[in-house]
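Trainee: Could you walk me through this model, giving the cut-offs behind each term as we go?

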Amino acid sequence: MTDEPSAHLRTRSDGGRAAEYPPAPEALPVAVYDNHTHLEIADGALPLDVHEHLERAASVGIAGAVQIGTDVATSIWSAEVAAREPRLLAAVALHPNEAPELEAAVGESGTGLDDALAVIDELAARPRVRAIGETGLDFFRTGEDGRGAQFRSFEAHIDIAKRHGLALQIHDRDAHDDVVSTLRRVGAPERTVFHCFSGGEELARLAADEGWYLSFAGNVTFKNAENLREALRVAPRDRILVETDAPYLTPVPLRGRPNAPYLVPHTVRFMAEVLGADLDEFCEQLAANTVSVYGSWNDDPVTETTA
């Protein structure tokens, strides 16, 4: 296609990624959606482009995905590729670990954070941008000196989501209490999703009381992740989503190999087993939940392109 965003913006750089993509799993009986993926990142010995990812996904019952932005460049890329690809919607945001560096930079209208947030606000008006994310708090990588910028960025993203009537996708790492208190203090958007849910039963029950959604990734299949399985068991069925966070968090039994939307069936089947749920009914519920959060993938036409 012409005028298409480049195949990838970056390459996964955390080492040891020469592995090949795994074979496709058995298709799901009812199509579902991957509600959080990073297709702009090249991974594996033979990286897949967006079209290849989505073709493989469709072949195993993954009807679409939400492509996630984490900075200005990836947010623009996500919005542009979703405008051209009917199987993608976009989320745009500044990852919390970006906020301290942007806050320290001088921009045209104040700080670099102000300028970057203005871009996110502009992108949020595009019809196939359906969420603000991933945003939130990350106290694992950012120390005390950078937390003020994270809070300011998080609150600004919450405001953008509410003004544009969009869902909010939260990144929460080692910051459960502060994420919850911020959402309660400033008011959470109507549709709030804890991406790659990392809490346990207590946080899951709290989220249920607030009407928030919990999105489970491949790490729910990991041997040491009983806390995630406990959270899954107590989560209301109409508040459960599934994601890859690809190229990260490849589910068992494929750990160590690149992750991709077409591997969602492994996670879905595992989740259904944990819940003792009928697979067909569980897939139908996941699909309905996802559309409730982001709307239909068919609501807004994509930009016509020339092959």
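Mentor: Gladly! Helices (H or I, at least four residues) and strands (E, at least two) are DSSP runs, numbered from the N terminus. This is a predicted model: local features need pLDDT of at least 70, side-chain atom pairs count only at pLDDT 80 or more, and totals for chains, interfaces and linings use all residues. Residues are numbered from 1 along each chain as its sequence is written, and side-chain values use heavy atoms, with hydrogens and water left out.

Trainee: Leaving aside neighbours within four places in sequence, which residues is Gly-295 in contact with?

Mentor: Gly-295 sits in the segment after helix 10 (279-294). Its C-alpha is 9.7 Å from that of Arg-128, although the two are 167 residues apart in sequence. With contact taken as heavy atoms within 4.5 Å, and neighbours within four places set aside, Gly-295 touches Leu-89, Arg-130 and Thr-290.

Trainee: Which strands stand at the edges of the sheet, each with a single partner strand?

Mentor: Two strands pair if DSSP finds at least two bridges between them. The open sheet has 8 strands in the order 2-4-5-8-9-10-11-12, with parallel pairing. One side of each edge strand is left without a neighbour in the sheet because each has a single partner, and these are strand 2 (32-37) and strand 12 (240-242).

Trainee: Which residue of strand 9 stands opposite Leu-137?

Mentor: Strand 8 (residues 129-138) pairs with strand 9 in the parallel sense, over 6 bridges. Opposite Leu-137, strand 9 places Asp-172.

Trainee: What angle does the direction of helix 2 make with that of strand 5?

Mentor: Axes are lines fitted to C-alpha atoms, for helices over the stretch in contact, and angles run from 0 to 180 degrees between N-to-C directions. Helix 2 (residues 72-84) packs on the sheet, where it touches strand 4 (62-68), strand 5 (88-92) and strand 8. The direction of helix 2 against that of strand 5 comes to about 160°.

Trainee: Which residues lie closest to the centre of the largest pocket?

Mentor: On a 1 Å grid over the protein atoms alone, a cavity is a set of points where a 1.4 Å probe fits but cannot get out, while a pocket is an open set with protein on both sides within 12 Å along at least five of seven lines; lining residues have an atom within 4 Å of a point. Grid points are joined across faces, edges and corners, and a volume is the space filled by probe spheres set on the points. The largest pocket has a volume of about 890 Å³. Of its 29 lining residues, the closest to the centre are His-95, Arg-141, His-171, Asp-245 and Tyr-248.

Trainee: Which strand gives the most to the lining of the largest pocket?

Mentor: Strand 1 (10-11), strand 9 (167-173) and helix 8 (226-234) each supply at least two lining residues. The largest share, 3 residues, comes from strand 9.

Trainee: How much space lies in the second largest cavity?

Mentor: The search of the whole structure finds 2 cavities of 30 Å³ or more. Residues lining the second largest include Tyr-21, His-38, Ala-246 and Pro-247. The space in that cavity is about 30 Å³.

Trainee: What is omega for the cis peptide bond that joins Ala-246 and Pro-247?

Mentor: Pro-247 lies in the loop between strand 12 and helix 9. The bond from Ala-246 to Pro-247 is cis, with omega about 15°.

Trainee: What is the phi of Asp-174?

Mentor: Most residues other than glycine have a negative phi. Asp-174 lies in the loop between strand 9 and helix 6 (176-186). Although Asp-174 is not a glycine, its phi is positive, at about 55°.
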